Amino acid sequence: MLRYLTERLPMMVTPRWVRNRIQPIAVRDVLYYLTEAATLPEGAGGAFDVGGPDVLTYLQMMRGYAEVAQLPRRLIVPVPVLTPWLSAQWVNLVTPVPRAIAVPLMESLINDVVCRDHAIADLIPDPPAGLTGYRQAVTLALRKIRDLDVPTRWSDAHPPGAPSDPLPTDPDWSGGSLYRDVRQRHTDADPATLWQVIEAIGGENGWYSFPLAWSLRGWIDRLAGGAGLGRGRRDPHRLHEGEALDWWRVERLERPRLLRLRAEMRVPGRAWLELAVEPDGPGATYYQRALFEPHGLAGHLYWKSIAPFHAAIFGGMARNITGAAESARA
């Protein structure tokens, strides 16, 4: 909840509970205590408080998150009039956290949550590397989210999903902010011909949709100090991992199945474009996925501002790539 609030709101008017104290603990340390507790002898039970090494206010946690996530400093103004119920409605409005969770969570924030003692150490010593500090835990969590939300391959991409996708049992609000535009089309062209069209994309061959929009976006990127479309491609037919392709970088190439490009244009976030081929009877199925991981509020606004053009740009790309493969086959 704090993550979404901090990412999406550069300025917040908050209840006075933001100055209440909490002793956050990393999930990995909770799991350590649980697994060690399972090895204790019979009768060595009790109720114990566990917490991390830092005692912070919610205000410090939000500002600390912003620093670790490399967001601009957040302006947070506490006021005495917002009730936990009103705060929960606001959280439900601006974050994907469901109201059923937001309301009881907000009601609990009026209390300090700090360990009364560290008696657990009499039975279970601290983890060998020590308890995980708040900023280190945030760093590890953000790294894990990035690894989970940027799929590395298209194998089994349709049910049950890519191996690196969030588990189906996770709520959809727990996997982080990642926008997707997904397309697929069947074509009578054989997989090899379809792959030839995919690998030849960009440069003088173009991007198979709305050339004016691509050119305009390229000029805007150049004016902002980015690469634009001027880098082109080295070879008109073959690509290599790591090379530049217009404003993209070839991040993954699994010939003749998957091409993943990472954007190097100036955008408030990180973007990828994946093009893939799967044999399908005498023809093939073309898969296309655009991914965008927003950085702060500007990233969310950026994606929503260009979303109305996706049908023309990404939909046209899918149609024209498969059409080019069918024409080449004919």
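**View 1. The two faces of strand β10 in this predicted model.** Along β10, Gly283, Thr285, Tyr287, Arg289, Leu291 and Glu293 point one way, while Ala284, Tyr286, Gln288, Ala290, Phe292 and Pro294 point the other way, and all of these residues are buried. In a regular strand the side chains alternate between the two faces of the sheet. Because twelve of the twelve residues of β10, which spans residues 283-294, are buried, the strand is largely enclosed by the rest of the structure.

**View 2. Strand β10 and its pairing with β5 and β9.** Strand β5, made up of residues 179-187, pairs with β10 in the antiparallel sense, and nine bridges connect the two. Within this pairing, Arg183 has Gln288 of β10 as its bridge partner, and Gln288 is one of the residues that point the same way from β10 as Ala290. Strand β9, residues 269-280, also runs antiparallel to β10, to which it is joined by twelve bridges. Here Leu273 has Ala290 as its bridge partner in β10.

**View 3. The hairpin turn between β9 and β10.** Two residues lie between β9 and β10, which together form a hairpin. One feature to look for in the turn is Gly281, whose phi is positive, at about 65°.

**View 4. The salt bridge between Arg249 and Glu264.** The side chains of Arg249 and Glu264 meet in a salt bridge, with an N to O distance of 2.9 Å. This pair links distant parts of the chain, since Arg249 belongs to strand β7 (residues 248-254), whereas Glu264 lies in the loop between β8 (258-263) and β9, 15 residues apart. Both partners are partly exposed, Arg249 with a relative accessible area of 23% and Glu264 with a relative accessible area of 25%.

**View 5. Further salt bridges made by Arg260 and Arg262.** Arg260 forms a salt bridge with Glu251, and the closest N and O atoms of this pair are 2.7 Å apart. With a relative accessibility of 6%, Arg260 counts as buried because the cut-off for that class is under 20%, whereas Glu251 is partly exposed, with a relative accessible area of 24%. Arg262, which counts as partly exposed at 28% relative accessibility, forms a salt bridge with Glu264, their closest N and O atoms being 3.5 Å apart.

**View 6. The network that connects these charged residues.** Salt bridges link Arg249, Glu251, Arg260, Arg262, Glu264, Glu274 and Arg289 in a network. Arg289 is also one of the buried residues of β10. Across the whole structure, a search finds 17 salt bridges.

How values were computed: Residues numbered from 1 in each chain as written. Predicted model: local features only at pLDDT ≥ 70, side-chain atom pairs only at ≥ 80, totals over all residues. Heavy atoms only, no water. Buried < 20%, exposed > 50% of the residue type's maximum accessible area, 1.4 Å probe, protein only. Helix = DSSP H or I, 4+ residues; strand = E, 2+ residues; numbered from the N terminus. Pairing = 2+ DSSP bridges. Salt bridge = Lys/Arg side-chain N within 4 Å of Asp/Glu carboxyl O.
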